[in-house]
Amino acid sequence: MPRTQQLGRYHLLDRLACGGMAEVYRAKTFDVEGRAHLVAIKRVLSHLVTDDDFIQMLVDEAKIAGTLRHQNIAQVYEFVHLGDHYFLAMEYVDGKDVRSILDRSRQRDEQVPPADAAFIAAAVCDALEVAHTQRDASGAPLKIVHRDISPSNVLCSYHGEVKLCDFGIAKAALSRVQTRTGVIKGKVKYMSPEQAMGKRLDGRSDIFSLGVVLYEMLTRQPPFTAPGEMELIFAVREARYAPIREYNPEVPPTLCAIVDRALARSRSDRFQSARDFGEALREFLKTHYPRYHRNRLAHLMRRLFAAEIERDLRLLEDYIVEGAATAEHEVGVNLIADALGAEATFSRFTPIAPEHGPGAPVPDAPDYDLHRAETVILPLRRARLTPPPLPEPDDLQSAETRIIRRSDAEPPTKPR
């Protein structure tokens, strides 16, 4: 039986992905009652631990995600500096990312049903609306722009849940690492025209990028293609694409019109908020699929990934965690929400039937693309974790374990 590698209070079970900047693991930890919980660990690669800008970007990711509380946003629980390691502990989602769904659909030569594509996009709209309108404790807008909406950052669970993740290059008022005007960050073919031009962005850029993802879900083709990156940047700037029904005539014209509006080259011609975009998608579902429920998405996921679900469940059953959980060493997780004064939940492992289990493990290859990672996890049920008492460091940079707070401007709660 395979044994785990220990990283602080976390037991790393298996590596899901490794890219040029970080590697992602499935990990197990324990609460005060000794119960096992699964998390995702995003660990910085060794050659970047001395890169202050990259480490600060990871801190910003935890800060930004830590301010956002919504069922369609994957939580970041904790940022930790432990010896020579820097890593994030994050929520684990029981399912796959949209990139994996698209890859499997192409392999099977079948289309993603328009209703499921619209449902996924509407859920991401809800997540974006929360991010775009988030304010700090004083009421000032944080001006969060995700800037990396792409299929690999939209997770769909086997139970029909949808979550937006990876705020690694998100721009917000509380970010310390500022992007210079004219510097392009993100995946080019999912950028908005203004992002490809290096202009200042607002939430409407994310709306365009989500439109690109929705277009690809409906057609299995990205709207913008080119032989090279520079040509692709120019194609995105022009925002010209083939009509959806040329690739998939089964898509209702109403949904095509919604995508066309999201993909308008001019920001003023698009939906002006993620809320408006989401409402249009929900109205489409109400009109064309009045009995739609997220169980339909769950059914699609379990059908597409049935073999991986069963295989990965068997794999995880073989893991041995070294030693027993103790109240002092493996006493749970320092949840970021507790540092923010908010209630948090964790995902607790509960054995259930194989067809409801996780997907297959990601190949353990050094050149595996982090952005093509398949997101996998054990079945879940909600449980409240009680974190151990922790020191309250004044200097974020000097702390061994670094707790990310909402904002330096937020005053602590005064005792009554």
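The legends below describe close-up views of a predicted model.

**View 1. Strand β2 within the structure.** Strand β2 covers residues 10–18. Of its 9 residues, 9 are buried, so the strand is largely enclosed by the rest of the structure. Buried here means a relative accessible area under 20%. In a regular strand, side chains alternate between the two faces of the sheet.

**View 2. The pairing of β1 with β2.** Strand β1 is made up of residues 5–7. The strands β1 and β2 run antiparallel and are joined by 3 bridges. One residue to look for is L7, whose bridge partner in β2 is Y10. The two strands form a hairpin with 2 residues between them. In this hairpin, G8 takes a positive phi near 60 degrees.

**View 3. The pairing of β2 with β3.** Strand β3 spans residues 22–30. It pairs with β2 in the antiparallel sense, over 6 bridges. R15 can be found opposite Y25, a residue of β3. The connection from β2 to β3 is a hairpin through 3 residues.

**View 4. D84 in the loop between β5 and β6.** This loop lies between strand β5, residues 76–82, and strand β6, residues 85–90, and D84 is placed in it. The relative accessibility of D84 is 65%, so this residue counts as exposed; the cut-off for exposed is over 50%. V49 is 35 residues away from D84 along the chain, and the C-alpha atoms of the two residues are separated by 7.2 Å.

Notes: Residues numbered from 1 in each chain as written. Predicted model: local features only at pLDDT ≥ 70, side-chain atom pairs only at ≥ 80, totals over all residues. Heavy atoms only, no water. Buried < 20%, exposed > 50% of the residue type's maximum accessible area, 1.4 Å probe, protein only. Helix = DSSP H or I, 4+ residues; strand = E, 2+ residues; numbered from the N terminus. Pairing = 2+ DSSP bridges.
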